[in-house]
Amino acid sequence: MARSSSGFVAALTAAAVAAVGFLAYRAQASVPPDLRARPGATASAAPTPSKAPRDRQHPQALPAGSGTGERVVYSIDDDRVWLVSAGGRVESTFEVTPGTVDPLPGTYAVTSRSKAATGTDGVPVEHVVRFTSVDGVVIGFSAAVDGATPQTDTTTAVRTGGIRESRADGEAMWMFATIGQKVVVIR
């Protein structure tokens, strides 16, 4: 009886492994192309313009050429974020204070989130939304629990990738940018 039981268990195990492999393949095949890239790699092969066109009459308006669909848009040059719905409507826009390391322009996806953490500058932060890393420095959005903005002194040896938001804006980002959410970085 033991011999037939072990054969039965082996057959069930093999069937389960095959089923999981098949489901993993199917799940990977159904992932949208813009989310298939490795964490931190640009997901689109389309070149990002060196500077997205701006509406000079409305500087807070979403820049043209900042992607399509639901996304977070982050302008390195303007230190501003836009949370954009699937229909292209700006749900929220706000100013941010960048760290000392900027991400490269391109399209990314949110790779991890933490409700609370300590920033690379030693400040307690909340609503951490990470989307890439540059030379070992993790890049993401966060809000300082005490409302402080990071020191932008470039003479210090500490390299920071935290893009600081106000606590209210951090809450909006946290609700909007779940794992896999598209993040478009522009100049």
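## The sheet

Two strands count as paired here if DSSP finds at least two bridges between them. On that footing, this predicted model has five strands joined in an open sheet, and walking across it you meet them in the order β3-β2-β1-β9-β4. The pairing is mixed. Out at the edges sit β3 (90–95) and β4 (106–109); each has a single partner strand, so one side of each is left without a neighbour in the sheet. From one strand to the next, the twist averages 20°.

Helix α2, residues 167–176, packs on this sheet and touches β1, β2 and β3. Its direction makes about 40° with that of β2.

## Two hairpins around β2

Start with β1 (residues 71–75) and β2 (residues 80–84), which pair in the antiparallel sense over five bridges. If you want to trace the register, Ser 75 is bridged to Arg 80 of β2, and Val 72 has Leu 83 as its bridge partner in that strand. The two strands make a hairpin with four residues between them, and Asp 79 in the turn has a positive phi of about 50°.

On the other side of the register story, β2 and β3 also pair in the antiparallel sense, over five bridges. Val 84 finds its bridge partner, Val 90, in β3. This hairpin has five residues between the strands, and Gly 88 takes a positive phi near 90°.

## How covered is β2?

Are the residues of β2 buried or exposed? Five of the five are buried, so the strand is largely enclosed by the rest of the structure. For burial, the cut-off is under 20% relative accessible area.

In a regular strand, side chains alternate between the two faces of the sheet. Both faces of β2 are covered: Arg 80, Trp 82 and Val 84 are buried on one side, with Val 81 and Leu 83 buried on the other.

## The chain as a whole

Zooming out, the chain has two helices and nine strands. Read from the N terminus, the elements go α-β-β-β-β-β-β-β-β-α-β.

Of the chain's 187 residues, 34% count as buried. The accessible surface comes to about 10,600 Å², and carbon and sulfur atoms hold 58% of that. As for contacts between residues at least 6 apart in sequence, 54% join residues at least 24 apart.

Definitions and conventions:
Residues numbered from 1 in each chain as written. Predicted model: local features only at pLDDT ≥ 70, side-chain atom pairs only at ≥ 80, totals over all residues. Heavy atoms only, no water. Buried < 20%, exposed > 50% of the residue type's maximum accessible area, 1.4 Å probe, protein only. Contact = heavy atoms within 4.5 Å. Areas by Shrake-Rupley, 256 points an atom, 1.4 Å probe, with all protein chains shown as cover. Axes fitted to C-alpha atoms, helices over the stretch in contact; angles between N-to-C directions.
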